[in-house]
Amino acid sequence: MSTGIFKGLRVVEFGGGAAGPVSTRYFADYGATVIRVESKHRPDFLRILTLRPDTKGGLDASLHFAVLNPNKLSVALNLNLPEGVAAARRLALSADVVAENFSPKAMAKWRLDYESLRAERPDLVMVSTCLFGQTGPERMYAGFGGQGSAIAGYNHVTGWPDRAALGPFGTITDSLSPRLAALLVASALVRRTKTGEGQYIDLSQVEGGVYCLAESIVRYTGNGEIVDRRGYRSEHVAPPRDPPLPRPRRQGRPLGDDRLPRRRGLARLVRALGEPAWARQDRFATNARRLENVEDLERHLGEWTRERDAAEIATLLQSAGVEAGAVEDNEDLNADPQLAARHHFRPLDHPVIGAHVVEANALRFSATPEEIRTPAPKLGEHTEHVFCEILGMSEAEYRALTAKGVFE
């Protein structure tokens, strides 16, 4: 039995992908009952994204879906049927929190929007996390985090100055918005305990992304400057914090161009390098001169790193008082002793996928630790349990709705 800080809280989740499901998982990990509303007629695209035609297990075999949705229940509802919409409304009105990341028109079409639900549940907390939010001329555009990253400005500042915009790895706004949403929902719940009133949270993924690029925005509004791509280089200091040097080796294999230490403190760095003669040259004596000769500086540093292992470099620089850390890939992360000490990766046994790991969130509460209790659900796995045991639907009604194709 869960003893988490959100034990007793019921969250009903509509939508898919990452923006909605990641935010609700915080509550699931800390004891809330989180119920996903899905349908085989229009499954969450993450259930399809990584599948191949020969994948055994079909929609229930998606690794991407599995790592984002442990600790949740899944009900299958065909929202193309009026009875399916009525069942979804019944479920939503039983919840403390409703979370959704559809475009604005979807929830209103089903009378599952906040105003419709609030008429019967004034204490309901609801959060919407679509791309542009619920208002404005672009609100109906049903985009994804990839478009959000570009629209919010991340792609423009990511990459090399002589090449086209590259964009960051992953879907940045899909990753930022659920963290914001979880905090906002928790805040609304605190307010509800004091006032008895619910609240609606309209979170725009794009605006959340823009907010996190505050420096770029301030520089433009302050002096009209547009911050451009600089690759690894810094406009202010040399050597840069993440220089584009040849990647050190690990276990005899090359590791590429970006496996480099983060560093500050030039004098300490030079001492760690063994006081090489090139470091005493006048062209490297001041930061301004180093910026003028940054390519030669990077070449010298690359000659030093090329013959050393990344972990060796990080340890050497750290011992010299230089902030340093190797850029880790997936293999490194799974073997990282710091992550292991904090039990970041948790083992699970999925009935279709088999043994795999999921990530714990970064939060640790001393009195009420998070729990990874169950693997991600199969589509519709808990439909009967939710409607009959949690909501109290009679067996006769459940069977009649099943015969109509509502629960699929």
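A disulfide here is a pair of cysteine sulfur atoms within 2.5 Å, and the views below come from a predicted model.

**View 1. Cys212 and its closest cysteine partner, Cys130.** Look for a bond here and you'll come up empty: the sulfur of Cys212 sits 17 Å from that of Cys130, the closest cysteine sulfur, which is too far for a bond. With the 2.5 Å cut-off, the tally comes to 0 disulfides. Cys212 isn't tucked away either, being partly exposed with a relative accessible area of 40%.

**View 2. Helix α1, residues 19-29, is mostly covered.** Every position counts here, with 11 of the 11 residues buried. That list takes in Arg25 and Asp29, along with Tyr26, Phe27 and Pro21. Ser23 and Thr24 are on the buried list too. Just past the end of α1, Gly31 adopts a positive phi of about 105 degrees.

**View 3. The second largest cavity, with α1 in its lining.** The model has 2 cavities of 30 Å³ or more, and the one shown has a volume of about 50 Å³. Three elements each chip in at least two lining residues: α1, β4 (97-100) and α8 (172-195). Ser23, Thr24 and Phe27, buried residues of α1, all line this cavity.

**View 4. Who else lines the second largest cavity, and of what class?** Val97 and Ala99 are part of the wall, as are Ala181, Ala182 and Val185. Val11 and Val127 are also in the lining. By class, that makes 8 nonpolar residues and 2 polar ones, with no charged residues.

Key. Residues are numbered from 1 along each chain as its sequence is written. This is a predicted model: local features need pLDDT of at least 70, side-chain atom pairs count only at pLDDT 80 or more; totals for chains, interfaces and linings use all residues. Side-chain values use heavy atoms; hydrogens and water are left out. Buried means under 20% relative accessible area, exposed over 50%, partly exposed in between (1.4 Å probe, protein chains only). Helices (H or I, at least four residues) and strands (E, at least two) are DSSP runs, numbered from the N terminus. On a 1 Å grid over the protein atoms alone, a cavity is a set of points where a 1.4 Å probe fits but cannot get out, and a pocket is an open set with protein on both sides within 12 Å along at least five of seven lines; lining residues have an atom within 4 Å of a point. Grid points are joined across faces, edges and corners, and a volume is the space filled by probe spheres set on the points. Ala, Val, Leu, Ile, Met, Phe, Trp, Tyr, Cys and Pro count as nonpolar, Asp, Glu, Lys and Arg as charged, and the others, Gly among them, as polar.
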